[in-house]
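The following paragraphs examine charged side-chain pairs and the setting of one helix. The reader is invited to follow them alongside the coordinates.

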Amino acid sequence: RQQKQAPEEQQPVLQESSPVVISRARLLAEHELLAVILFDSIQASAAIREAGEAVQPEKFLDRYATEIANCIFSKLLAGTPFTMQETLSELSDDASTLASTLYFEGERICNEAGSVDLAIQRTIQSFNVEIQNKVIADNVRELKNYKDPEQRALAAQQALEAIRKKQKRAI
């Protein structure tokens, strides 16, 4: 029996053709959300429509995840059912390979959660937490760019406000 290694959240993943650096945790959150959606798009559709602006294709950083999201989100938001075969035929080879793998990963996630509804709620929450973590990290990183103490103090205040918002949402 093979054991899974925990993803290293601090170790970045560099995209092949783009300068975007994605944390392993963010990549996992993107992939798991898409996995559940691909596994049961009908049940996931309502949750995605409910999430509204919180879950949009533009928020995906991984290029293949973005391609998959762009392919399926308009259908999800419209409540239009689609099959995996239709989706795979609309994707590039690399994105299609990822989507196929994610479908089976979605099945595993849903089985472990006990229901598609619970799996989609958890994956949407993880996705949103990772987006918020990136905002906080970006704010903190910006602090290093300020030489002026007043500007640095303002940036620090903004970073703290972002952290407080995240903590309030978690409660």
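In this predicted model, Arg-26 and Glu-30 form a salt bridge in which the closest N and O atoms lie 3.0 Å apart. Both residues belong to helix α1 (residues 24-39), where a separation of 4 residues corresponds to about one turn of the helix. The pair is withdrawn from the surface: Arg-26 has a relative accessibility of 5% and therefore counts as buried, and Glu-30, at 0%, is likewise classed as buried. By the criterion applied here, the model contains 4 salt bridges.

Another of these pairs is Lys-75 with Glu-90, whose closest N and O atoms are 3.0 Å apart. Lys-75 is located in helix α3 (residues 63-78) and Glu-90 in helix α4 (residues 84-90), so this salt bridge ties together parts that are 15 residues apart in sequence. As for accessibility, Lys-75 is buried, with a relative accessible area of 18%, since the cut-off for burial is under 20%. Glu-90, by contrast, is partly exposed at 46%.

Attention now turns to helix α5. Here Glu-105 forms a salt bridge with Arg-108, the closest N and O atoms being 2.2 Å apart. The two residues are 3 residues apart in α5 (residues 93-113), which means that about one helical turn separates them. Glu-105 is partly exposed, with a relative accessible area of 24%, and Arg-108 is also partly exposed, with a value of 24%. Through salt bridges that share partners, Glu-105, Arg-108 and Glu-112 are joined into one network.

The geometry of α5 can be checked against expectation. With 21 residues and 1.5 Å a residue, α5 should span 30 Å, and its end C-alpha atoms are indeed 30 Å apart, so the two values agree.

How are the buried residues of α5 arranged around its axis? The buried set consists of Ala-95, Ser-96, Leu-98, Ala-99, Leu-102, Gly-106, Ile-109, Cys-110 and Ala-113. These residues cover an arc of only 145 degrees around the axis and therefore fall on the same side of α5. The buried residues of α5 pack against α1, α3, α4 and α6 (116-143). On the other side of α5, the exposed residues are Asp-93, Thr-97, Phe-104, Asn-111 and Glu-112. Glu-112 is thus exposed and also a member of the salt-bridge network with Glu-105 and Arg-108.

Beyond the end of the helix, α5 is followed by Gly-114, which has a positive phi near 95 degrees.

Notes
Residues are numbered from 1 along each chain as its sequence is written. This is a predicted model: local features need pLDDT of at least 70, side-chain atom pairs count only at pLDDT 80 or more; totals for chains, interfaces and linings use all residues. Side-chain values use heavy atoms; hydrogens and water are left out. A salt bridge is a side-chain nitrogen of Lys or Arg within 4 Å of a carboxyl oxygen of Asp or Glu. Buried means under 20% relative accessible area, exposed over 50%, partly exposed in between (1.4 Å probe, protein chains only). The expected span of a helix is 1.5 Å times one less than its number of residues. The arc is that of the directions from the helix axis to the C-beta atoms. Contact means heavy atoms within 4.5 Å.
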